[in-house]
Amino acid sequence: MSEQKPVAAAEVGTGAPAAPAFSRNEMMIVAAARELAGQRVCFVGVGLPNIAVNLAKRTVSPDLELVYEAGVFGAEPARLPLSIGDPTIVTGATAVTSMLELFGYYLQRGLIDVGFLGAAQIDRFGNINTTVIGDYAHPKTRLPGSGGACEIAINARQVFVIMRQSARSFVERIDFRTSPGNLGGAENAARIRREQGWLGSGPSVVVTDLGIYHFDETGEMRLDSLHPGATLDEVRATMGWEPRVASDLATTPEPTAEELRLIREELDPEGMYTK
Amino acid sequence: MSSKVASMRDAVADLVRDGDTVAIEGFTHLISFAAGHEIIRQRKRDLTLARMTPDLIYDQMVAGGVARKLVFSWLGNPGVGGLNAIRRVTEGPDASLEMEEYSHFGMVARYTAGAMNLPFFPLRSYFETDLPKANPLIRPIESPYGDGTVYAVPPLRPDVTVIHAQRADARGNTQVWGLLGCQKEAAFAADRVIVVVEELVDEEVIRADPNRTIVPGIVVDAVVVEPFGAHPSYVQGHYDRDNRFYRDWDPISRDPALTQAWLDEWVHGVASRAEYAAKLGEERVTSLRPSAPAPSGVVDYGTYR
């Protein structure tokens with residue numbers, strides 16, 4: 001997308017060191033990484049979750065156990081993995097397992113605290129589509145499909161989502177439900193999860209390039225924090241429903257110089273995720 | 001003689017037949033592009049291609065005209081975008097490639113059921129999703145012990161499974177380190193198995209470290225020695241993923257004429273993997289080597305008489 005204007009540093013006082021400008025993608029990655037503070041075991045999804053989780057491991061959550069569906073528990077990546085099956089997730093890891101063990105013993109057994117997913121479409125209740133846009137048999141766009149996302153959404157104790165926000169991605173009705181969220185509402189979802197013995201409690205955080213959402217008692221997304229430079233009008237223009245907004249709406253603290261350095265110099269020097 | 005060492009040409013000619021279900025497995029790691037290219041070169045037809053992540057190799061095989069159907073769980077060019085040759089035959093009103101879609105755990109479970117000779121494998125996936133509607137082979141079943149519903153997937157028994165590995169002996173005893181994916185399950189599930197290796201070793205090397213054996217020779221039909229056979233994917237300890245190639249494939253595969261020209265040059269235009277590696281050039285190959293060794297610790301198995 002082209003509308004990633006760098007945001008100027010807050011102009012407060014004189015003589016204070018100017019904070020570096022940052023892009024909206026960088027703000028999104030930093031905000032997502034900060035949400036992992038205090039978490040223990042994180043299942044790392046394809047794409048944006050990969051850089052967010054690796055930033056968290058270098059900042060707010062150094063003891064975080066990174067789990068990759070390719071069959072790695074306790075990864076210590078020396079570089080940002082180019083894919084979720086990169087050799088750097090193996091060298092120095094705690095354990096390499098078959099994928100049967102990883103999905104069976106680790107995920108389905110309930111050892112994953114946070115499943116961190118990306119999405120092509122999401123609805124107000126955090127249900128996710130990564131399969132098709134349009135009709136399944138004759139899709140307008142064929143997306144990658146579930147990968148491990150369907151079982152992560154069901155079996156991880158909670159689910160975090162990171163994705164760019166647009167009218168095409170934040171929709172009233174998703175075209176295909178690949179990964180269940182709060183279904184049609186929290187009450188119904190909690191009953192189904194309990195009756196069917198799911199270990200996961202569903203989505204708890206959605207971080208976008210505009211802000212941070214959590215889920216309220218009805219199971220619907222609520223905007224709790226707006227990123228610096230983003231406006232409520234922009235938020236409304238990029239979602240298919242009228243968003244709930246927290247009465248004490250916060251402003252997301254800007255990325256620190258160190259967070260930006262880690263992204264730009266160590267994790268994504270080619271700007272694959274941030275450009 | 002018990003040696004199963006064969007050339008790639010002979011192994012594919014003897015063991016892969018038109019109409020077969022073929023699984024070239026390996027999750028990001030150890031993808032046998034060499035076998036895929038030989039299947040294209042021999043112009044096999046009407047194959048059902050099974051793989052968790054079709055990756056560039058199945059995009060190339062679909063473009064090469066060998067496939068009738070795809071069985072998969074994640075369809076993309078990892079870290080880059082879509083698989084354009086496959087998208088061309090699966091999107092819109094003229095979609096012609098048949099698709100059968102699962103989640104990752106579902107695909108692993110299918111190979112496992114195949115490997116264990118089970119009629120299905122149960123798992124706690126698919127609840128409240130549209131996947132069982134899209135694929136009616138994913139079915140809910142009641143626990144016979146009265147404690148709820150799970151989903152079942154059917155066994156996947158490929159006619160041929162191809163796996164790439166660091167090393168094997170001439171009888172097909174195969175050792176892998178790094179990501180294990182579902183190669184063990186896919187090999188045990190298959191009727192015929194081709195193992196492609198970076199290095200052929202003596203049986204003593206295998207026996208010195210039996211924990212590292214993922215597939216015993218008893219289920220292997222052919223051992224093909226084809227160094228660099230997994231490029232542009234990677235082999236732990238031997239070479240890295242060639243990310244440049246994964247990116248270059250995107251514009252090539254967007255254009256049908258460019259795609260065919262690439263196949264003509266890099267698949268039909270080379271007789272073997274050695275020729276392919278030579279064509280790629282020493283500099284490119286060297287640039288993919290690990291920057292430093294990271295040997296495992298040594299364990300002591302002990303001798304017991």
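**Exercise 1. Two helices in chain B**

In which sense, right-handed or left-handed, does H1(B) pass H2(B)? Work out the crossing and say what makes the contact.

*Solution.* Keep in mind that this is a predicted model.

- Step 1: find the pair. Helix H1 of chain B covers residues 8-15 and helix H2 of chain B covers residues 33-41. Their axes come within 10 Å and cross at roughly 65 degrees.
- Step 2: get the hand. H1(B) passes H2(B) in a right-handed crossing.
- Step 3: list the residues. H1(B) brings B:Met8, B:Arg9 and B:Val12, while H2(B) brings B:Ala34, B:Ala35, B:Glu38 and B:Ile39.
- Step 4: sort them by class. You end up with 5 nonpolar residues, no polar ones and 2 charged ones.
- Step 5: look at the spacing. An α-helix has 3.6 residues a turn, so residues three or four places apart point the same way.

**Exercise 2. A parallel pair and what sits around it**

Take strand S2 of chain A (residues 65-68) and describe its faces, its partners and the helix that links it to S1(A).

*Solution.*

- Step 1: check the faces. In a regular strand the side chains alternate between the two faces of the sheet. For S2(A), A:Glu65 and A:Val67 sit on one side, A:Leu66 and A:Tyr68 on the other, and all of them are buried. Both faces are covered, then.
- Step 2: pair S2(A) with S1(A). Strand S1 of chain A (residues 41-44) runs parallel to S2(A), and 4 bridges join the two. You can pick out A:Phe43 standing opposite A:Val67.
- Step 3: pair S2(A) with S3(A). Here the sense is antiparallel, over 3 bridges, with strand S3 of chain A spanning residues 72-75. A:Tyr68 has A:Val72 as its bridge partner.
- Step 4: look at the hairpin. S2(A) and S3(A) have 3 residues between them, and A:Gly71 takes a positive phi near 115 degrees there.
- Step 5: add the helix. S1(A), helix H2 of chain A (residues 48-58) and S2(A) form a right-handed β-α-β unit.
- Step 6: see how covered that helix is. In H2(A), 10 of 11 residues are buried, among them A:Ile51, A:Val53 and A:Leu55. The cover over these buried residues includes helices H1 (24-34) and H7 (257-267) of chain A, along with S1, S2, S5 (114-117) and S10 (158-162) of chain A.

**Exercise 3. A small sheet in chain B**

In what order do the 3 strands of the open sheet in chain B come, and which helix lies across S5 and S7?

*Solution.*

- Step 1: read off the order. The strands run S5-S7-S6, with antiparallel pairing.
- Step 2: name the edges. S5 (121-123) and S6 (139-142) of chain B each pair on one side only.
- Step 3: get the twist. Neighbouring strands are turned by 45 degrees against each other on average, ignoring direction.
- Step 4: zoom in on one pair. S6(B) and S7 of chain B (residues 149-153) are antiparallel over 4 bridges, and B:Arg139 stands opposite B:Ala152.
- Step 5: place the helix. Helix H5 of chain B (residues 104-116) lies across S5 and S7 of chain B, at about 155 degrees to S5(B).

**Exercise 4. Odd backbone angles in chain B**

Which loops hold B:Leu30, B:Tyr126 and B:Pro232? Say what is unusual about the backbone at each.

*Solution.*

- Step 1: recall the baseline. Most residues other than glycine have a negative phi, and most peptide bonds are trans.
- Step 2: take B:Leu30. This residue is in the loop between strand S1 (21-24) and H2 of chain B, with a positive phi of about 60 degrees. B:Leu30 counts as buried because 29 other C-beta atoms lie within 10 Å, and the cut-off is 20 or more.
- Step 3: take B:Tyr126. Look in the loop between S5 and helix H6 (131-134) of chain B; phi is positive there too, about 75 degrees. With 26 other C-beta atoms within 10 Å, B:Tyr126 is buried.
- Step 4: take B:Pro232. The peptide bond from B:His231 to B:Pro232 is cis, with omega near 5 degrees. B:Pro232 sits in the loop between strand S12 (222-225) and helix H9 (243-254) of chain B.

**Exercise 5. Where the chains meet**

How many residues does each chain give to the contact?

*Solution.*

- Step 1: count. Chain A gives 40 residues and chain B gives 46.
- Step 2: find the elements. On the side of chain A, H3 (99-108), S9 (139-142) and H4 (149-155) each supply at least two residues.
- Step 3: classify. The chain A side divides into 18 nonpolar, 17 polar and 5 charged residues.

Conventions
Residues are numbered from 1 along each chain as its sequence is written. Chains are lettered from A and ligands numbered from 1 in the order in which they are written. This is a predicted model: local features need pLDDT of at least 70, side-chain atom pairs count only at pLDDT 80 or more; totals for chains, interfaces and linings use all residues. Two residues are in contact if their C-beta atoms, placed from the backbone, lie within 7 Å. Ala, Val, Leu, Ile, Met, Phe, Trp, Tyr, Cys and Pro count as nonpolar, Asp, Glu, Lys and Arg as charged, and the others, Gly among them, as polar. Two strands pair if DSSP finds at least two bridges between them. Axes are lines fitted to C-alpha atoms, for helices over the stretch in contact, and angles run from 0 to 180 degrees between N-to-C directions. A crossing is left-handed if the near helix is turned anticlockwise from the far one by less than a right angle, and right-handed if clockwise. A residue is buried if 20 or more other C-beta atoms lie within 10 Å of its own, exposed if 12 or fewer, and partly exposed in between; C-beta atoms are placed from the backbone. A crossover is right-handed if, with the strands pointing away from the viewer, the path from the first strand over the helix to the second runs clockwise.
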